[in-house]
Structure formats: structure tokens, C-alpha cells
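The following exercises are intended for practice in reading a protein structure. Please attempt each task before consulting its solution.

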Amino acid sequence: MLDPDSGIASCSEVSKVLQDMNKDLEKMLEEMEKISIQTTWMSYDMVVIRTKPELAESVRKLDETFLKCKEEVETKWQEMLNEFKGQT
């Protein structure tokens with residue numbers, strides 16, 4: 001990068017370093033934006049849950065119901081596949 005004799009970096013080398021640094025800064029900024037958005041949603045969720053605790057219970061029940069339904073669909077799907085295999 002530095003010319004050992006003169007101690008001065010060439011213009012293209014400096015340009016490359018600046019471009020790389022710019023890319024790194026853009027990546028860091030994107031990550032910070034993602035973290036900021038996640039933090040905002042977490043804060044929003046906390047406020048909603050604290051101001052309306054029954055919402056958390058509703059979400060828990062909905063999650064349980066979804067998992068039961070998913071399990072039932074998977075079971076029925078396997079039964080249908082086994083029945084189809086038995087017919088062929």
C-alpha cells in the first residue's frame with residue numbers, strides 16, 4: 001500500500017481503501033437499522049402486553065391451537081399417504 005521509498009500511498013490504493021471502508025460502513029448501518037427496527041417492535045409488544053395482559057393470554061391460546069391443528073393436519077396427511085400407498 002505504501003511505497004517503501006516515499007512513504008506515500010498511490011491514489012488508486014487510497015481510493016480502494018475508501019471504497020472498502022464505505023462498503024463496511026453501509027453494512028454496519030444496515031445492521032444497526034435492523035437492530036433498531038427489532039428493538040422498536042419489542043418495545044411496542046411490551047407496551048401492548050403490559051397495557052392489555054389478556055392479549056398475551058390470547059396469543060398463547062392461539063399458538064397452542066395452531067400447534068394442535070398443525071399436528072392434526074400432519075397426522076391426517078400421513079394417514080392419506082399410507083392409504084394411497086396401500087391402494088397402489
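The exercises below concern a predicted model, and each is followed by a worked solution.

**Exercise 1. The chain as a whole**

Determine how many helices and strands the protein chain has, and state what percentage of its residues is buried.

*Solution.*
Step 1. Count the elements: the chain has 2 helices and 0 strands.
Step 2. Apply the cut-off for burial, which is a relative accessible area under 20%. Buried residues make up 0% of the 88 residues in the chain.
Step 3. Consider the surface: the chain exposes about 8400 Å², and carbon and sulfur atoms supply 63% of that area.

**Exercise 2. The packing of the helices**

Describe how helix 1 and helix 2 pack, and decide whether they are roughly parallel or roughly perpendicular.

*Solution.*
Step 1. Recall what has to be reported: two packed helices are described by the angle between their axes and the distance between the axes.
Step 2. Read the values. Helix 2 covers residues 53–87, and helix 1 covers residues 11–51. They pack at an angle of about 105 degrees, and their axes are 4 Å apart.
Step 3. Classify the angle. Angles from 65 to 115 degrees count as roughly perpendicular, so helix 1 is roughly perpendicular to helix 2.
Step 4. Identify the residues in contact. Helix 1 contributes Val48, Ile49, Arg50 and Thr51, while helix 2 contributes Pro53, Leu55 and Ala56.

**Exercise 3. Salt bridges in helix 1**

State how many salt bridges a search of the whole structure finds, and then examine the pairs Lys16 with Asp20 and Lys34 with Glu31.

*Solution.*
Step 1. Recall the principle: side chains of opposite charge can pair when their charged atoms come close.
Step 2. Give the total, which is 5 salt bridges.
Step 3. Take the pair Lys16 and Asp20, whose closest N and O atoms are 3.0 Å apart. Both residues lie in helix 1, 4 residues apart, or about one turn of the helix.
Step 4. Classify their exposure. Lys16 is partly exposed, at a relative accessible area of 45%, and Asp20 is partly exposed at 30%.
Step 5. Take the pair Lys34 and Glu31, with an N to O distance of 3.6 Å. Because these residues are 3 residues apart in helix 1, about one helical turn separates them. Lys34 is partly exposed at 47%, and Glu31 is partly exposed at 43%.

**Exercise 4. Salt bridges in helix 2**

Examine the pair Lys76 and Glu79, and name the residues that shared salt-bridge partners join into one network.

*Solution.*
Step 1. Give the distance: the side chains of Lys76 and Glu79 meet in a salt bridge of 3.9 Å, N to O.
Step 2. Locate the pair. Lys76 and Glu79 are 3 residues apart in helix 2, so about one helical turn lies between them.
Step 3. Classify their exposure. Lys76 counts as partly exposed at 41% relative accessibility, as does Glu79 at 43%.
Step 4. Name the network: salt bridges with shared partners join Glu57, Arg60 and Glu64.

**Exercise 5. A nonpolar patch**

Which residues form a nonpolar patch on the surface, and what is their accessible area together?

*Solution.*
Step 1. List the members: the patch is formed by Val14, Leu18, Met21, Leu25 and Met28.
Step 2. State the area, which is about 470 Å² for these residues together.
Step 3. Place one of the members: Met28 lies in helix 1.

Methods. Residues are numbered from 1 along each chain as its sequence is written. This is a predicted model: local features need pLDDT of at least 70, side-chain atom pairs count only at pLDDT 80 or more; totals for chains, interfaces and linings use all residues. Side-chain values use heavy atoms; hydrogens and water are left out. Patches are made of residues with over 30% relative accessible area and no salt bridge: like charges are joined within 9 Å, nonpolar side chains (Val, Leu, Ile, Met, Phe, Trp, Tyr) within 5 Å. Accessible areas come from the Shrake-Rupley method with a 1.4 Å probe; for residues, only the protein chains shown count as cover. A salt bridge is a side-chain nitrogen of Lys or Arg within 4 Å of a carboxyl oxygen of Asp or Glu. Buried means under 20% relative accessible area, exposed over 50%, partly exposed in between (1.4 Å probe, protein chains only). Axes are lines fitted to C-alpha atoms, for helices over the stretch in contact, and angles run from 0 to 180 degrees between N-to-C directions. Angles under 35 degrees count as roughly parallel, over 145 as roughly antiparallel, 65 to 115 as roughly perpendicular and the rest as oblique. Contact means heavy atoms within 4.5 Å.
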